[in-house]
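Q: Could you walk me through this one, starting with the backbone and then going on to how the helices pack?

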Amino acid sequence: MKISLNDILFALSFALDAVEHELLGVTTNHGKRVALLAAAVGSRMGLSGEALTDLACCAVLHDSALTEYIQARDLAARNPNATEPERDREHCALGEHNITMIPCRGNVENVILYHHENADGSGPFGKTWDEIPLMARLVRLADLVDARFNLDQADSDKFDLVQKFLKDQSGIIFSPEIAEIAREALTLDFLKTFNSGNLDQMLSKTVPARAEELSLDEVRKIALLFAQITDYKSPFTSSHSLGVARKSEIMARHYGWDEEKTTRFFFASALHDIGKLVISNDILEKNTRLTNEEFAMIQNHAFYTYVILRKINGMSDVTAWASHHHEKLDGSGYPFGIKGDQLSREERLVTCLDIYQALREDRPYKQGYSHSKSIGIMKGMAAEGHIDGKLVDDMNEVFKVREEHQEQSGSAGLNSEDRLNEDRETIKSPFRANNSGAS
């Protein structure tokens, strides 16, 4: 399956930045600026070609574990003896695992794990800069400079502050060599290019494109990674994206789709809710009635899914399948009000799978419904003209025996299915592994 890894990562960085903004206050496009800053210094140090692309991947994904960290932090808060370095180590270890899901072509081991280390060994793992990979040092420098000085709008005053910071922290946070090279690379003219907002164009000129044939397994792993990131956004929906993705694969095989279409459909289903990363947890987890404005913001998550995925070349079908999962046949859905024949079977199917998965799941306000009750509710929706009744019948045929057998054995939903367990094992992070019995 030919796909541009750059397109995927740079498109999804918007969602990751939204999480980082909510938790840490950094400005939009932080990941892309970190990639550009790291590449500017790295190229001065001899990195080129695939090494620069791998560096950009690590830079964009340096804080990919923040949604997992939300839960890790909440668990750590129950331990009065937990220290900030311990929490930082957890965050870095989670991110290190995540990068293994991305098909980098060079060695990126320990880049994310050590991206909070300082030159003098005062970081969370106590490593000096001669003990960690060059890419880890570059990501550390770029991340810290952009987060500290908000380079979304750069001017001469910020340039002077950056230069002074690099000089003052030479030998402390940064090694003298890298601090000096960074002062040469991060010129005022270079920093001012960020003001244009054309970061995608700048990245395409700076980072070698990687449009290549990825195996279907590699595409699947990328989908699983971002499904995990989305699901960890809120404990209320901690396995929703994975459940929808797994069910989508079962239905694709029921319809006899080939492996590539099945993988594309799996990708769309896994990322259908990625727009929720842009929505504040204060709204997602509000336990009182939403205001009209808050409900409109919740509805916007499907639009943000569209905004994020549409930037991936060659995946317009995936974008439609994923972002139209709240559209209804009678036009009453959102965010676009598409209806009837404007919605493909694949779009209608993601809608039905999303509804079915949500009905089957436990939520704070309800226990998961049985298969028969869930299908009954969906048949009522079909009778009212909202969703495709034929697809509901197909899902009933495919899932009935499987789901009712699990209900009788005391395990609801697809959590006990072999392939979903394999998916969980594939994406299992240190946080999942260490706390699997705590939830």
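**Backbone and helix packing**

A: Let me start at the end of a helix: just after H6, Asn150 takes a positive phi of about 45°. Please keep in mind throughout that this is a predicted model.

Q: Where does Asn150 lie, and is it buried or exposed or something in between?
A: Asn150 lies in the loop between H6 and helix H7, the latter covering residues 156-168. With a relative accessibility of 29%, Asn150 counts as partly exposed, and its phi is positive although Asn150 is not a glycine.

Q: What about Asn110, what is its phi?
A: Asn110 has a positive phi of about 70°, and Asn110 is not a glycine either. Its place is in the loop between helix H5 (84-99) and H6, where Asn110 is partly exposed, with a relative accessible area of 23%.

Q: Which residues does a cis peptide bond join?
A: The cis peptide bond joins Tyr334 and Pro335, with omega at about 10°. Pro335 belongs to the loop that runs between H16 and helix H17 (345-360).

Q: Since H16 came up, what does Thr319 touch there?
A: Thr319 is found in helix H16, which covers residues 316-323. Leaving aside residues up to four places away in sequence, Thr319 touches Tyr306, Leu309 and Arg310. Its relative accessible area is 5%, which is under the 20% cut-off, so Thr319 is buried.

Q: Back to H6, how many of its residues are buried?
A: H6 is mostly covered, with 13 of its 16 residues buried. As for its length, at 1.5 Å a residue the 16 residues of H6 should span 22 Å, and the end C-alpha atoms are 23 Å apart, which agrees.

Q: And at what angle do H3 and H6 pack?
A: Helix H3 (residues 50-60) and helix H6 (residues 134-149) pack at an angle of about 50°, and their axes are 10 Å apart. H3 and H6 are therefore oblique to each other, and H3 passes H6 in a right-handed crossing. From H3 the contact is made by Ala51, Asp54, Leu55, Cys58 and Ala59, while H6 supplies Met135, Leu138 and Val139.

Q: How do the residues of that contact of H3 with H6 divide into nonpolar, polar and charged?
A: Seven are nonpolar, none is polar and one is charged.

Q: Moving along the chain, how do H7 and H8 cross?
A: The axes of H7 and helix H8 (residues 176-185) come within 9 Å and cross at roughly 165°. H7 and H8 are therefore roughly antiparallel to each other, and their crossing is left-handed. In this contact, Gln163, Leu166 and Lys167 in H7 meet Ala179, Ala182 and Arg183 in H8. By character, the residues of the contact of H7 with H8 comprise three nonpolar, one polar and two charged.

Q: What about H2 and H10, how far apart are the axes and what is the angle?
A: The axes of helix H2 (residues 30-44) and helix H10 (residues 199-206) come within 10 Å and cross at roughly 30°. H2 passes H10 in a left-handed crossing. On the H2 side the contact is made by Lys32, Arg33, Ala35, Leu36 and Ala39, and on the H10 side by Leu199, Asp200, Met202, Leu203 and Thr206. The contact of H2 with H10 divides into six nonpolar residues, one polar and three charged.

Q: New topic: why is H13 described as largely enclosed?
A: Nine of the 12 residues of H13 are buried, so H13 is largely enclosed by the rest of the structure. The buried residues in H13 are Thr262, Thr263, Arg264, Phe265, Phe266, Phe267, Ala268, Ser269 and Ala270.

Q: What span should H13 have, counted by its residues?
A: At 1.5 Å a residue, the 12 residues of helix H13 (residues 259-270) should span 16 Å, and its end C-alpha atoms are 16 Å apart, which agrees.

Q: Last one, how far apart are Asn98 and Ile229 in sequence and in space?
A: Asn98 and Ile229 are separated by 131 residues in sequence, while in space they are 9.4 Å apart, C-alpha to C-alpha. Asn98 lies in helix H5, and at 1% relative accessibility Asn98 counts as buried.

Note on methods: Residues numbered from 1 in each chain as written. Predicted model: local features only at pLDDT ≥ 70, side-chain atom pairs only at ≥ 80, totals over all residues. Heavy atoms only, no water. Axes fitted to C-alpha atoms, helices over the stretch in contact; angles between N-to-C directions. Helix = DSSP H or I, 4+ residues; strand = E, 2+ residues; numbered from the N terminus. Parallel < 35°, antiparallel > 145°, perpendicular 65-115°, else oblique. Left-handed = near helix turned anticlockwise from the far one by under 90°. Contact = heavy atoms within 4.5 Å. Nonpolar A, V, L, I, M, F, W, Y, C, P; charged D, E, K, R; others polar. Buried < 20%, exposed > 50% of the residue type's maximum accessible area, 1.4 Å probe, protein only. Expected span 1.5 Å × (residues − 1).
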